[in-house]
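Here are some exercises to work through with the model open beside you. Try each task before reading its solution.

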Amino acid sequence: MLSQDVYPTRTPKSAAILARQDPIVYDRKSSEPQVTRLNATQRAAYEQDGFLLMPDLFDKNEVEFLFDAMQHMREDFTNAGRKEVIAEPGSGEVRSIFNVHRLNDIFANLVRDPRVLNVAREILGSEVYIHQSRINYKPGFNGKEFYWHSDFETWHSEDGMPAMRALSCSILLTDNSEANGPLMVIPGSHQHYVSCMGETPDENYKKSLKKQEVGVPDEILLRYLADMGGIKSCTGKAGSVIFFDCNTMHGSNSNISPFPRSNVFFVYNSIDNQLQSPINGLVPRPEFVAAREGIQPLSPEPLDVD
């Protein structure tokens, strides 16, 4: 169990907002080679806002290749009874598929692509591994929302992630517009940790991956963060990539447009920030949600579309 926890949460007492205790952009040890992918302006923007949108990182041919792989996974996994498949509440359509970097060779290659891997290594100041991977499909007409939350609050409490030394990489495989439920973030919210009320039920992931109801921020505190930072919709063309800090408050609206919003997410965690025991005596979430086994640093390898 984590000792001297500076990020308490899921308590019966009142919710609270606490100052961040960890860096945002980490420096690599002087003995390690420096990995540079971002310019000074991009680094400063990520540090200030808690996210960075990089347009057109993948070209049209690469997007088509990845889109086809994503669609094939959905076809293969629909009605397959796989634990990695999360269905939309109500419609039963595929909402998410987890662990895609271990289930599909194309996405196993994609997590190593230098265009994304080296950004993660640079920001986190170390070698990295995949804590979690997933495809979020958010189908047209009935794709449900993802309510406001900090990923770190969940990863800390339910997975035992010690520090804020992880980030999410969202690769857009369809156009993300204002109409189809794009990622929304609160700039600057990563500087503040929102401690949430409520006890975590056993096997909470079975409900929370469909609709998160535990570990959601207090509305007054959420309003406070939004009043300070505003709300930014991360729209972009397919092939663009959004990087955002593990503690950035984010969510997305439902998709009632005819146009699906499909993105692949990779969570890069520092090799020096591997999971410990969850807080409050919780049983660790399963491997397909939070990786603990066979952890090895990722080495860069360009995406192969042949």
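**Exercise 1. Trace the neighbours of strand β4 and find which residues stand opposite S96.**

Start with strand β3 (residues 85-87), which runs antiparallel to β4 and is joined to it by 3 bridges. Here, helices (H or I, at least four residues) and strands (E, at least two) are DSSP runs, numbered from the N terminus, and two strands pair if DSSP finds at least two bridges between them. This is a predicted model, in which local features need pLDDT of at least 70 and side-chain atom pairs count only at pLDDT 80 or more, while totals for chains, interfaces and linings use all residues. Residues are numbered from 1 along each chain as its sequence is written, and side-chain values use heavy atoms, with hydrogens and water left out.

Next, look at the register: I86 has S96 of β4 as its bridge partner. Then turn to strand β5 (residues 128-136), which also pairs with β4 in the antiparallel sense, over 3 bridges. In β5, N136 stands opposite S96.

Finally, check burial (buried is under 20% relative accessible area, exposed over 50%, partly exposed in between, with a 1.4 Å probe and protein chains only). In strand β4 (residues 94-98), 5 of the 5 residues are buried, so the strand is largely enclosed by the rest of the structure.

**Exercise 2. Give the strand order of the open sheet that contains β6, and name its edges.**

The order is β6-β12-β8-β10, 4 strands with antiparallel pairing. β6 (146-149) and β10 (232-233) each have a single partner strand, so one side of each is left without a neighbour in the sheet. For β6, 2 bridges lead to strand β12 (residues 250-252). One pair to look up is H149 with its bridge partner H250 in β12.

**Exercise 3. Describe the surroundings of V194.**

First, locate V194 in strand β9 (residues 192-195). At 5% relative accessibility, V194 is buried. Now list its contacts (heavy atoms within 4.5 Å): leaving out residues up to four places away in sequence, V194 touches T9, A16, I17, E153, P217, L221, L225 and M249. Y7 lies 187 residues from V194 along the chain, yet their C-alpha atoms are separated by 8.6 Å.

**Exercise 4. Which residues touch the most other members of the largest nonpolar core?**

A nonpolar core is a set of buried Ala, Val, Leu, Ile, Met, Phe, Trp, Tyr and Cys residues joined through side-chain atoms within 4.5 Å. The largest has 41 residues, and F107, I171, F266 and Y268 touch the most other members. Beyond four places in sequence, I171 contacts F58, L110, V116, S240, V241, N263, V264 and F266. A second, separate core holds 15 residues, including M164, C246, V267 and A290.

**Exercise 5. How many disulfides does the structure hold, and why are C196 and C234 unbonded?**

A disulfide is a pair of cysteine sulfur atoms within 2.5 Å, and the structure holds 0 of them. For C196, the closest cysteine sulfur is in C246, 14 Å away and too far for a bond. For C234, the closest is in C169, at 13 Å, again too far for a bond. C196 is buried at 2% relative accessibility, and C234 is buried at 1%.
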